[in-house]
Amino acid sequence: MSNFVFEEGRAYAQSLDQSDPMRSFRDAFHHPVQANGETFIYLCGNSLGLQPKGVRGKIDQELNDWSTLGVEGHFHAKNPWMPYHEFLTEAMSKIVGAKPSEVVVMNTLSVNLHLMMVSFYRPTSTRNKIIIEYDAFPSDRYAVESQIRHHGYDPAECLIELKAREGEVCLRDQDILDVIENLGDSLALVMLGNTNYYTGQFFDMAGITKAAHQVGAMAGFDCAHGAGNVNLDLHNSGADFAVWCSYKYLNSGPGSLGGCFVHERHADNAALNRFAGWWGHNKETRFGMRDPFDPISGAEGWQLSNPPILSMAAIKASLDVFEEAGMENLWAKARKITAYMEYLILGLNKQDIQIITPKEMSRRGSQLSIQVKNADRNVFDRITKRGVIADWREPDVIRVSPVPLYVSYEDVYNFVEILKTEIA
Ligand SMILES: *Cc1c(COP(=O)(O)O)cnc(C)c1O
C-alpha cells in the first residue's frame with residue numbers, strides 16, 4: 001500500500017543506491033564478513049545493530065583518560081564521567097521525539113521496565129489489571145507477571161492479553177481501544193511493545209494512551225523495536241512512560257544501556273512511588289550523603305547508579321551518526337527501502353510466502369516479518385549459508401530489517417534473489 005513505484009532488476013537497485021542521499025552512512029559501520037571474504041547482507045539490525053566505526057575511538061578516549069587520570073576522570077576527563085549521561089540526552093530525545101528533561105539513558109531495558117512499573121503500576125483491590133500483547137516479548141511478560149505477583153495479585157486474573165482476531169496476525173486499533181474501554185475502572189496500566197517485535201506492527205500510541213487515560217489508567221510502552229526505527233513522537237503521544245534498549249536499531253553494542261522516558265507531567269510528582277538511588281538525587285547535594293532523597297526533576301530522577309562510561313561511550317558514537325543523518329532523512333529512507341523490499345517479495349508471487357507486517361507504512365517501521373508456510377528452520381539456514389544474516393522466529397517466520405543507515409537497495413535485491421531460489 002505504498003505509493004512508491006518501483007522497477008525490477010539489479011540495475012534499478014543500483015540506481016536507487018546512487019540517488020540515495022543516505023548512501024554514505026553505510027561506510028560509517030563495520031560489516032560482518034563471510035568465510036569467503038565477502039560481507040554479509042545484514043538484515044538483523046532489529047536484533048543487534050552493526051558497530052559504528054566511531055565506537056572504538058570513543059571507548060579508547062575513556063580508557064586513556066582512566067589510565068592517566070584515575071578517579072580524577074570524573075571531573076577532568078575530556079568528557080567528564082560525572083555528567084557523562086547528560087551528553088547523550090539531547091540526541092536521544094530527538095530520536096524518540098521527547099523533551100530532553102523527559103529522557104535518560106540508564107540501566108537496561110527490563111530493569112527500566114520494572115522501575116517504571118514501580119512508579120506507574122500501583123494496583124488496588126479494584127483497579128489492578130495490565131494489558132499486554134498476547135505475543136509480547138517474553139521478558140516483558142515476565143516483568144509484568146512478576147510485578148502483579150509482587151503486589152499480591154494473580155496474573156491469571158490481572159494480566160489481560162490482546163489477541164488478534166481469528167485468522168489475523170496483527171491487532172486492529174479499534175479492538176485495542178474496545179478492550180481498554182470495557183475494562184474501564186479495573187484497568188491500571190496498558191503496557192505494549194511498540195513496535196511489536198514479532199509482527200513489526202507499530203501501534204497508535206497516542207490513541208491508546210488517550211483511551212487508557214479516559215478510564216483512569218496509565219499507558220507505557222516498550223519501544224525496543226521502535227527507538228531509532230519509527231517516529232515515536234513520545235512527548236506528543238502523551239504516554240506516561242516508555243523504555244527501550246540501545247543495541248537494536250540504535251547500534252550501541254551488545255547489552256548496552258537502555259533509555260527511559262517519563263512524561264513531563266510526572267517530572268516533579270512526589271506522590272509517585274519510586275525506587276531511589278544516589279544518581280537520581282539532586283546533583284548539588286549528591287555527595288552530602290546525609291540529605292534525605294531529593295529527586296532530580298524529570299527522567300533523571302529515576303537513575304539509581306553511576307553509569308558504565310564505556311558503554312555510554314559506544315552509545316555516544318552511535319548517536320553522533322544519528323545526529324549527522326537526521327531522523328527525517330532516516331525515516332524517509334526506511335519507508336522507501338522497506339517498501340522496495342516488500343515490492344520485490346510480493347513480486348516473487350509465491351503462494352507459501354506471506355508478509356505478516358502491516359502494509360500501511362504508518363503502521364510499521366523497517367522490519368518485515370515473512371511467514372513461510374510449511375517451512376522449517378532449514379530454509380532459514382540455507383539463506384544464512386548464502387550470506388544473509390536475518391532472524392528466525394519459531395514456528396515459521398523470518399524477520400528481516402533493511403535498516404536505512406547501512407543496508408543498500410542492492411543488498412535488498414540480492415536478498416530477495418536468494419529467497420527466491422531457496423524457497424523454490
Ligand atoms: C529486545 C527486547 C527486550 C530485551 O530486554 P533487555 O532487558 O535489554 O535484555 C525486551 N523487550 C522487548 C520488546 C525487546 O524487543
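1. In this predicted model, Arg 165 and Asp 175 form a salt bridge in which the closest N and O atoms are 2.7 Å apart. Because Arg 165 sits in the loop between strand 6 (159-162) and helix 8 (173-183) while Asp 175 belongs to helix 8, the pair ties together parts that are 10 residues apart in sequence. Arg 165 itself is partly exposed, and its relative accessible area is 39%.

2. That pair belongs to a wider set, for the structure holds 21 salt bridges. Another of them joins the side chains of Asp 320 and Lys 58, with an N to O distance of 3.4 Å. Here distant parts of the chain are linked, since Asp 320 lies in helix 11 (residues 309-325) and Lys 58 in helix 2 (residues 54-69), with the two positions 262 residues apart in the numbering. Both partners are partly exposed: Asp 320 has a relative accessible area of 28%, and Lys 58 has a relative accessibility of 24%. A reader tracing this site should also include Lys 316, as Lys 58, Lys 316 and Asp 320 are linked in a network of salt bridges.

3. Glu 422 and Arg 382 make a further salt bridge, and their closest N and O atoms are 3.0 Å apart. This pair, too, links distant parts of the chain, with Glu 422 in helix 14 (residues 409-422) and Arg 382 in helix 13 (residues 377-385), 40 residues apart. How buried or exposed is Glu 422? At 14% relative accessibility, Glu 422 counts as buried, because the cut-off for that class is under 20%. Arg 382, by contrast, is partly exposed, with a relative accessible area of 37%.

4. Turning to the ligand, the residues around it are Leu 109, Ser 110, Phe 137, Asp 140, Asp 222, Ala 224, His 225, Tyr 247 and Lys 248. By character this shell divides into four nonpolar, two polar and three charged residues. Polar side-chain atoms of some of these residues can be paired with particular ligand atoms: one in Ser 110 lies 2.7 Å from an oxygen atom of the ligand, and one in Asp 140 lies 2.8 Å from a nitrogen atom of the ligand. For Lys 248, an N or O atom in the side chain is 2.5 Å from an oxygen atom of the ligand. Taken alone, the ligand exposes 380 Å², and the protein buries 84% of that.

5. Asn 107 is found in the loop between strand 4 (103-106) and helix 5 (109-120). When its neighbours within four places in sequence are left aside, Asn 107 is in contact with Asn 112, Leu 115, Leu 257 and Gly 258. With one of these residues, Asn 112, there is a polar contact of 2.9 Å between the two side chains.

6. A last region to check is the loop between strand 10 (258-262) and helix 11, where Ser 297 is placed. Ser 297 is partly exposed, at 41% relative accessibility. Leaving aside its neighbours within four places in sequence, Ser 297 is in contact with Ala 267 and Asp 268, and a polar contact of 2.8 Å joins the side chains of Ser 297 and Asp 268. From C-alpha to C-alpha, Ser 297 and Glu 264 are 9.0 Å apart in space, although 33 residues separate their positions in sequence.

Technical notes:
Residues are numbered from 1 along each chain as its sequence is written. This is a predicted model: local features need pLDDT of at least 70, side-chain atom pairs count only at pLDDT 80 or more; totals for chains, interfaces and linings use all residues. Side-chain values use heavy atoms; hydrogens and water are left out. Helices (H or I, at least four residues) and strands (E, at least two) are DSSP runs, numbered from the N terminus. A polar contact is a pair of N or O atoms within 3.5 Å; within protein, one must be able to donate a hydrogen and the other to accept it, and residues adjacent in sequence count only if both atoms are side-chain atoms. Contact means heavy atoms within 4.5 Å. A salt bridge is a side-chain nitrogen of Lys or Arg within 4 Å of a carboxyl oxygen of Asp or Glu. Buried means under 20% relative accessible area, exposed over 50%, partly exposed in between (1.4 Å probe, protein chains only). A residue is near a molecule or strand if one of its heavy atoms lies within 4 Å of it. Accessible areas come from the Shrake-Rupley method with a 1.4 Å probe; for residues, only the protein chains shown count as cover. Ala, Val, Leu, Ile, Met, Phe, Trp, Tyr, Cys and Pro count as nonpolar, Asp, Glu, Lys and Arg as charged, and the others, Gly among them, as polar.
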